[in-house]
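This briefing describes how strands and helices are arranged in one protein chain. Please keep the structure in view while reading the points below.

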Amino acid sequence: MDELTFGRSTYLCVQDLYWKKMRIMALDYGSKTVGVAVSDKLGLTALPLETIKREKENKLRKTLARIEEIIKEKSISLIVLGKPLNMDDSEGERVEKSLAFKEALEKRTGLEVLWQDERLSSVEAEEILADSGIKKEDMKRYIDSVAASVILREFMNTNKERLYG
């Protein structure tokens with residue numbers, strides 16, 4: 001990291017810190033929705049962004065197109081996908097579907113897609129929404145994007161050294 005000296009004071013070059021940061025997108029992939037969250041420009045916070053809805057589970061064209069738009073709009077350089085493991089660490093049917101989605105994302109976007117354990121992310125998202133005063137009947141609107149932000153926060157917390165060295 002470069003240092004700048006002015007008079008008797010030495011400063012670390014903020015630009016060096018900035019370029020080590022990257023914007024990350026996290027996805028909570030479900031049968032009819034995909035929750036989307038993104039990191040801020042400095043990689044400090046995970047922000048819920050939106051929920052992408054589709055009529056049928058196997059219809060991904062519009063979903064992938066919207067994800068590509070977000071990648072361009074937000075200058076995303078890495079995607080994190082929630083891995084729906086069972087509580088006993090086994091992989092069920094949802095993991096297979098998520099793997100197919102992961103492969104489609106990598107092929108379509110050209111970006112690396114990394115897994116993050118998503119167990120209990122929806123439960124934590126419900127707690128966050130309840131603590132924020134969101135009524136139970138309104139939670140459905142936000143739950144997937146908030147769950148994606150939980151997945152992203154966990155990923156960022158467990159990979160700080162790897163991401164920002």
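**Strand pairing and helix packing**

Strand β3 (residues 23-29) is paired with β6 in the parallel sense, over five bridges. The model is a predicted one. The points below begin with β6 and then turn to a hairpin and to a pair of helices.

**Strand β6 and its partners**

- Strand β6 covers residues 76-83, and seven of its eight residues are buried, so the rest of the structure largely encloses this strand.
- In the pairing of β3 with β6, L27 has L81 as its bridge partner.
- Strand β7 (residues 113-117) also pairs with β6 in the parallel sense, over five bridges.
- Within that pairing, V80 lies opposite L114 of β7.
- Together with helix α3 (residues 93-109), β6 and β7 make up a β-α-β unit, which is right-handed.

**The β4-β5 hairpin**

- Strands β4 (residues 33-39) and β5 (residues 46-53) run antiparallel and are joined by seven bridges.
- V34 is placed opposite I52 in β5.
- Six residues lie between the two strands of this hairpin, and G43 in the turn has a positive phi of about 75 degrees.

**Packing of helices α2 and α3**

- Helix α2 (residues 61-74) packs with α3 at an angle of about 50 degrees, and their axes are 11 Å apart.
- The two helices, α2 and α3, are therefore oblique to each other.
- Where α2 and α3 cross, the crossing is right-handed.
- The residues of α2 that meet α3 include L64, I67 and I71, while those on the α3 side include F101, A104 and L105.

Technical notes
Residues are numbered from 1 along each chain as its sequence is written. This is a predicted model: local features need pLDDT of at least 70, side-chain atom pairs count only at pLDDT 80 or more; totals for chains, interfaces and linings use all residues. Side-chain values use heavy atoms; hydrogens and water are left out. Two strands pair if DSSP finds at least two bridges between them. Helices (H or I, at least four residues) and strands (E, at least two) are DSSP runs, numbered from the N terminus. Buried means under 20% relative accessible area, exposed over 50%, partly exposed in between (1.4 Å probe, protein chains only). A crossover is right-handed if, with the strands pointing away from the viewer, the path from the first strand over the helix to the second runs clockwise. Axes are lines fitted to C-alpha atoms, for helices over the stretch in contact, and angles run from 0 to 180 degrees between N-to-C directions. Angles under 35 degrees count as roughly parallel, over 145 as roughly antiparallel, 65 to 115 as roughly perpendicular and the rest as oblique. A crossing is left-handed if the near helix is turned anticlockwise from the far one by less than a right angle, and right-handed if clockwise. Contact means heavy atoms within 4.5 Å.
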